[in-house]
Amino acid sequence: MCGIVAGFSDVSGILSAMRYRGDGRPSRTLERGGAHLGHVRLAIRSLGPESDQPVDVPEARTSFGFVGELFGLGGVSELGFLTSGVLNPETLSDFLRAIDGFFAVVTVSDTGTIRAFTDHLGIKPLYYWPSKGLVCSEIAPMFAAFPEPKLNNRHLAALVRFGFDYSGETPWEGIYQMPPGSELLMTRGSHRVRKYWDIASEAVQYSNSVLAFKRRFNDAVLTRCDSDLPVSMLLSGGLDSSLIYYTLKNQGRHISAHSYPNGESEFLPPGVEMVEANPPSLCEAVAVMQTPMDLGSLVPQVQLAQALEGKTRVVITGDGADELFGGYTRSRTYDSQYADTFLELPYYHLPRLDRVLMRSTIELRSPFLAPAIVRLALGLPREMRIDKAFLKLCAKGTVPDEIIDRPKHPLKTQAVITGKETYREQLITIFRDSRPRHRVASV
């Protein structure tokens with residue numbers, strides 16, 4: 001999973017500020033052409049030091065690092081696979097578009113050029129600060145090198161009105177989130193961002209979509225168990241995580257499962273470990289999230305991550321199923337799939353999950369976000385997705401009927417249910433009050 005940073009000045013302080021994204025081994029940095037690249041590692045596969053990053057590729061006069069996981073490489077190591085892509089920089093974006101997995105890749109070259117790539121949905125987010133020549137896995141650690149810029153009132157206003165902001169702006173002026181499937185090209189004094197992977201245009205329709213889903217989902221679930229550390233899963237008792245659990249069970253694969261007390265324990269199979277922790281304060285939750293953005297589940301998910309800390313380093317979850325397969329009530333009124341998948345997922349859910357779980361040094365893997373599953377879901381007609389009709393059909397015979405047929409129970413705090421705008425304003429007040437008033441950088 002890890003954390004990564006690149007810039008045109010020393011990045012060691014930034015790495016130290018996000019050391020929680022690693023497993024305690026020393027972070028590493030290197031320099032090429034005046035560009036610095038740093039990496040803090042959470043080793044999940046190939047645990048030895050030979051797989052530490054950044055990686056130097058002398059033949060290409062380039063070095064690279066990445067965060068995330070790559071699957072289905074036919075026995076080739078992740079770093080060996082990416083090295084072959086870096087050797088052909090003009091086709092690197094096409095190379096990345098063929099990968100199953102989730103990632104953010106950053107390269108620095110002898111010309112002093114930084115290139116950064118996000119995956120198809122921005123599962124592993126990257127943020128860039130053009131005026132400071134920085135790109136990083138998180139925003140707050142960048143302030144170890146430069147003072148915080150002014151707050152971005154446009155972004156904060158969008159949070160109050162809509163709950164999240166899909167413009168790519170952040171709470172700080174001049175700092176941006178890279179869009180999903182995008183490439184950033186940065187030199188001293190200039191930058192540009194372009195789309196290299198538009199998975200929204202890659203919808204696939206199958207003559208037997210149920211069979212196609214089962215085959216691809218089975219592959220996605222099994223590959224996401226590939227690890228040199230124990231893999232566990234989060235099991236809520238709902239359809240999405242249950243489909244993962246029973247898919248593995250039918251394949252004879254045992255996986256330890258954790259659940260959080262949510263009033264749905266009657267739908268859990270035997271042997272699931274219930275985990276609990278004291279709920280964090282709103283101040284603590286906002287600090288973990290690094291933004292006052294919350295559609296309702298931030299506090300319980302910070303609480304869950306803290307409860308899991310030290311118990312596991314890798315968890316499989318059902319994230320993405322609601323957005324792709326019509327899991328929200330609004331799917332009955334209109335086709336919300338595009339907005340749910342390409343606006344809410346990459347600009348709210350996925351950055352939140354990355355920050356919250358990585359704060360507790362936990363890697364998240366979701367089979368529903370595999371490119372093959374995304375393409376299939378995008379090819380389904382709306383009438384097959386309303387209220388997860390298609391997913392329920394696919395789950396028949398695998399998941400117990402009482403789980404398939406029961407109503408959805410969304411995870412939301414009561415404050416959001418009773419007054420979301422008031423709650424959002426409260427979060428922004430907390431966020432503003434926690435900012436240093438004496439250290440403001442120009443952007």
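A residue counts as buried here when its relative accessible area is under 20%. With that in hand, here are some close-up views of this predicted model.

**View 1. One side of helix α7 is covered.** Look along helix α7, residues 282-289, and you will find A285, V286, V288 and M289 buried. These residues lie on the same side of α7 because they cover an arc of only 160° around the axis. Which helices help to cover the buried residues of α7? Among the elements that do so are α8 (298-308), α10 (337-359) and α16 (420-433).

**View 2. Leaving helix α7.** Just after α7 comes Q290, a handy residue to pick out by its backbone: Q290 takes a positive phi of about 65°.

**View 3. Strand β3 is mostly covered.** Strand β3 spans residues 35-40, and five of its six residues are buried. As a reminder for reading any such view, side chains in a regular strand alternate between the two faces of the sheet.

**View 4. Strand β1 pairs with β3.** Here β1 (residues 3-7) runs antiparallel to β3, and five bridges join the two. To find your way along this pair, start at I4, whose bridge partner in β3 is H39.

**View 5. The hairpin of β2 and β3.** Strand β2, residues 28-32, also pairs with β3 in the antiparallel sense, over five bridges. Where does T29 find its bridge partner in β3? That partner is G38. Two residues sit between the strands of this hairpin, and G33 takes a positive phi near 60°.

How values were computed
Residues numbered from 1 in each chain as written. Predicted model: local features only at pLDDT ≥ 70, side-chain atom pairs only at ≥ 80, totals over all residues. Heavy atoms only, no water. Buried < 20%, exposed > 50% of the residue type's maximum accessible area, 1.4 Å probe, protein only. Helix = DSSP H or I, 4+ residues; strand = E, 2+ residues; numbered from the N terminus. Pairing = 2+ DSSP bridges. Arc of directions from axis to C-beta. Contact = heavy atoms within 4.5 Å.
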